[in-house]
Amino acid sequence: MSVVVSLAERRVTAAPAEPLLAIEDLHVAIGPSGRAAPVIEGMNLEIRRSEIVALVGESGSGKSLTALSATRLLPRAAEITRGRIRFDGEDVLAMGPRALDGLRGNRIGMIFQQPQAMLDPTCRVGDQVAESLRLHRGLSREAAGARVVELFREVGIPAPEARARDFPYAFSGGMAQRVMIAAALSADPDLLIADEPTTALDVTVQAQILRLLHEQCRQRRMSLLLISHDLGIVAALADRVAVMYAGRVIEEGPARAILSAPRHPYTRALVECSLLKRDAGGRLVALPGSAISARELSHGCRFQPRCAIAAQSAHNHDCCSSEPALACCHGSHKARCWAVKPEPEEAQQ
Amino acid sequence: MWHFALRRGTVLLLTLFVVSVVAFLIPYIGEGDPALLVLRARIADPNVDPATLEAMRRQLGLDRPLAIQYLAWLGDALRGDFGLSFIRRAPVGDMLGGALLVSITLALSALLLALLVSAPLGTLAAMRPGGRADTAATLLTQTLIAIPEYWMAPMGILIFALWLGWLPSAGWDGPASLVLPALVLALRPLAYFTRIIRAAMIDVLDAPYITAARSRGLGMTQTVMRHGLRNGAMPVITLFALWLAGLLGGSVVVEVIFAIPGMGRLIYEAVINKDIPVLQAGFVAIVALAVVINTLVDLAYLAINPALRHSHGA
C-alpha cells in the first residue's frame, strides 16, 4: 500500500505543464579533454508525462548518447560539455552520485540494444531483476523474489518461477529483452528509455516486444523514449517523433504528421526507406552517401552534402553557408530546412 | 557434470602414470647403474669391488626385469614408501610430508596475502585508468617486480628482525616466523596479481551488463561487488593456481635465507647430494599436486561460469 501512495504523491509533485524530461541545448563531446570532438551539438528534446516519444536517426547520429546523457551514464570517453537536463523539475547535471543512483532504475528505467549482453552471465536473472526492488523499494530478498515472479508474468515470460532461477545463457534474445523490461519496470519508473530495444531481435519478436512496451506504458501511464534507426517501426507506437541527424534534431512533430507529411528531405528519405519504395527502374530507394558526424561539420546545413534539394534549388547558397533553425511548419511540427516554408494559416497567427 | 569428472579423472590418472614411470627411471639417468649410485653414496672409495656391486644389485632387486621392479616400486610408493634417504637414512615419505606441509603453509599465506592486497588495488586502478590510484599501483607493481627476493629478504630481516626486533630473523617456529618469509614471498605475486586484476576489471567494467546494473541504480562500488569481481575472477584464478603450483615446489631463495625446512631446500640439497629417493618422491609429489590444483581450477571455472556448467552437461 505504502508503495502505491508514494507513487501517487510523486506524480503530482511537478506542475502539470512542465515536461517530465527536458533536454536543452545539450552538447556532448568524445575524446581526451582538450582534443574532444563534438558528437552532439545543441540537442533539444522534451518528453511529457505519459507521452511516447520516438527518437529516430541513423547510427552515429547521437541518439544513444542523448539517452545515456539523461541518466548521466555516458561512457568514460564521452562528456557533456554544455546544456541543461531537467527531470521532473530537478537539474540532472547538478546531481551528485547518490541522487543519480536514486534517479536511475527508480524514476528512469532503461533497456538497451543487446539484451543478452546486458545481463551479468554469472548471476541468476531473478536476482538481477530484484536489484531495483531491493534498492529503491527496500523489499526483503523473499518479497523481491515474489515480485520478480509477478513481473515476469506481466512481461510474458512463461514458467516465471523456474525462469527467475535461470542464468542468462538460457535466454533467447527476445526473452532476455523481456527480462530487461521486467527489471526496468520493477521500481515503477516515470520514464522508460528504450535504446534500440528490438534491433537485435527477429522481426516477429520485434513486434511482440514493441506491443509489450506499448501496453506497459499505457497501463502504468509511464512516459517512453523509444530510440530506433527504423522510423517505420516506432512511428506507429509514438505520440511524437523527433528525427536526429549528426547530433541535432532536424525534424519533430506529431507521429502522424511526420509519417504522412515529412518536411525535411532527410525524414522524407527515411520514410521512403522504411516503406521500401522503388524508383522508376524498380530498384529500392536508398539515401545516397553516409551520415556525417557532428565533428566533420564546419558550416552550412548538416544534411546539405546528401540533400537533393540543396543540389538543385535556389536555396543552394543558404544550404552551404549557414544552418537553418528548427522552424515551425504546422502546429507543433517543426523542421530544420531552408526549403521549409511555414503553412499559410500558421504564418498569420 | 559426471562426464566432466570422469574425463578429468582419466587425465589425472594418465598423468600420474607417466610421472611415476619417469620418476622410477631417474636412477637410471647418468651412470645408468643404481647399485653403483647407492654404493658411491655410502662409501667414499671411487673404485668399487665388482663382487660388492653384484651383491648390492641382488639386494636392491635390480636383477629382476624392469617392469617387475617398476611395479614393486609403485606398490611401495602408493603406500607412501619411497625408501630411505641416501644421506639422512630417514624414510623419504616422512621427510617429504614435513617439507610439503611447510611449503604449502608458506605458499598459501604468501598468495592469500598477495590476493588480499591486489584485489582492491587492481580494482581501484581499473575504476579510473590513468587516475591517481592507477598511477600509484603501476609504480608499486613495477618496483616490486624489479626487486629480487634475495635483496628483499635480507632487507626485511635487517629492518623487522635486527632494528625493530618485531619478528624472528630465521627459522620455522610458530606463526611469528612465518610473517617475514610470507611477506617477502608475497611481493612479486602481489605485483602480477594487481596487474592482471587491473586488466581484467577494465574489460569487465566496460561490459554492457555493468552499464545495465548502473542503470538500475546500483552505485559503482555495489556494481563492482555484485557484477564485477566474479566476472573478472577467471584470469586471476588461473594466475593464482600457476603461482601456487610453482611455490609448492619450494622457493629455494626464501627458504635458504630464512632457514625454512620446506620443499625448496629439501630438493636443493637432494640434487647437490644425488639423493635419488628424495628426488623421485619430490618429483612425484610436486607433479601430483600441480595436477590436483589444475583440476580444482577447472572446478572453480565451472562454479563461476554457469554457461560452462551447462556445456559440460550439468
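Contact here means that heavy atoms lie within 4.5 Å. With that in hand, welcome to a predicted model, shown in a series of close-up views.

**Figure 1. Chain A, an overview of helices, strands and contacts.** Chain A holds 14 helices and twelve strands. Take the contacts in this chain between residues at least 6 apart in sequence: 63% of them join residues at least 24 apart. Of the 349 residues in chain A, 50% are buried. The chain exposes about 15500 Å², and 53% of that area is supplied by carbon and sulfur atoms.

**Figure 2. The largest nonpolar core and a second one apart from it.** The largest nonpolar core counts 93 residues. Those that touch the most other members are M43(A), F152(A), L191(A), I193(A), L213(A), L225(A) and V241(A). Helix α7 of chain A, residues 173-185, gives the most to this core, with eight residues. Another core, of 43 residues, lies apart from it, and its members include A186(B), A207(B), A241(B) and F258(B).

**Figure 3. The surroundings of I193(A).** Here we zoom in on one residue of the largest core, I193(A). Leaving out residues up to four places away in sequence, I193(A) touches A67(A) and A70(A), the run I108(A), G109(A), M110(A) and I111(A), and also L225(A) and I227(A).

**Figure 4. K63(A), a lysine in helix α2.** Is K63(A) buried or exposed? K63(A) has a relative accessible area of 4%, so it is buried. This residue is found in helix α2 of chain A, which covers residues 63-70. Setting aside neighbours within four places in sequence, K63(A) is in contact with L55(A), V56(A), G57(A) and E58(A). Its other contacts on that count are E196(A), I227(A), S228(A), H229(A) and M244(A).

**Figure 5. Two salt bridges in chain A.** In the first pair, the side chains of E51(A) and R48(A) meet with N and O 3.4 Å apart. E51(A) is buried, at 8% relative accessibility, whereas R48(A) is partly exposed, at 40%. In the second pair, D239(A) meets R218(A), with an N to O distance of 3.2 Å. This pair links distant parts of the chain, 21 residues apart: D239(A) sits in the loop between α9 (231-235) and β9 (240-245), and R218(A) sits in helix α8. Both partners are partly exposed, D239(A) with a relative accessible area of 32% and R218(A) at 39% relative accessibility.

**Figure 6. A salt bridge between two helices of chain B, and a network in chain A.** D134(B) forms a salt bridge with R198(B), and the closest N and O atoms are 2.6 Å apart. Why does this pair tie together parts that are 64 residues apart in sequence? D134(B) lies in helix α6 (residues 132-146) and R198(B) lies in helix α8 (residues 176-205), so the bridge joins those two parts of chain B. D134(B) is buried, at 5% relative accessibility, while R198(B) is partly exposed, with a relative accessible area of 27%. Over in chain A, salt bridges that share partners join R147(A), E150(A), E154(A), D188(A) and R220(A) into one network. Over all chains, a search of the whole structure finds 28 salt bridges.

**Figure 7. Two loop residues of chain A with positive phi.** Which loop holds A159(A)? A159(A) lies in the loop between α5 (141-154) and α6 (160-164) of chain A. Although A159(A) is not a glycine, its phi is positive, at about 50°. A159(A) is partly exposed, with a relative accessible area of 47%. R221(A), also a residue other than glycine, has a positive phi near 50°. Its place is the loop between α8 (203-220) and β8 (223-228) of chain A. At a relative accessible area of 59%, R221(A) is exposed.

**Figure 8. A nonpolar patch on the surface of chain B.** Five residues make this patch of about 620 Å²: I159(B), L162(B), W163(B), L164(B) and W166(B). One of them, L162(B), belongs to helix α7 of chain B, residues 149-163. L162(B) counts as exposed because its relative accessibility is 55%, and exposed means over 50%.

**Figure 9. The two domains of chain B.** The domain assignment of chain B gives domain 1, residues 31-79, and domain 2, residues 93-311. How many Å apart are the C-alpha centres of these domains? The C-alpha centres of domain 1 and domain 2 of chain B lie 41 Å apart.

Key: Residues numbered from 1 in each chain as written. Chains lettered and ligands numbered in written order. Predicted model: local features only at pLDDT ≥ 70, side-chain atom pairs only at ≥ 80, totals over all residues. Heavy atoms only, no water. Domains from an automatic or database assignment. Helix = DSSP H or I, 4+ residues; strand = E, 2+ residues; numbered from the N terminus. Buried < 20%, exposed > 50% of the residue type's maximum accessible area, 1.4 Å probe, protein only. Patch = residues over 30% accessible without salt bridge, like charges linked within 9 Å, V, L, I, M, F, W, Y side chains within 5 Å. Areas by Shrake-Rupley, 256 points an atom, 1.4 Å probe, with all protein chains shown as cover. Salt bridge = Lys/Arg side-chain N within 4 Å of Asp/Glu carboxyl O. Core = buried A, V, L, I, M, F, W, Y, C linked by side-chain atoms within 4.5 Å.
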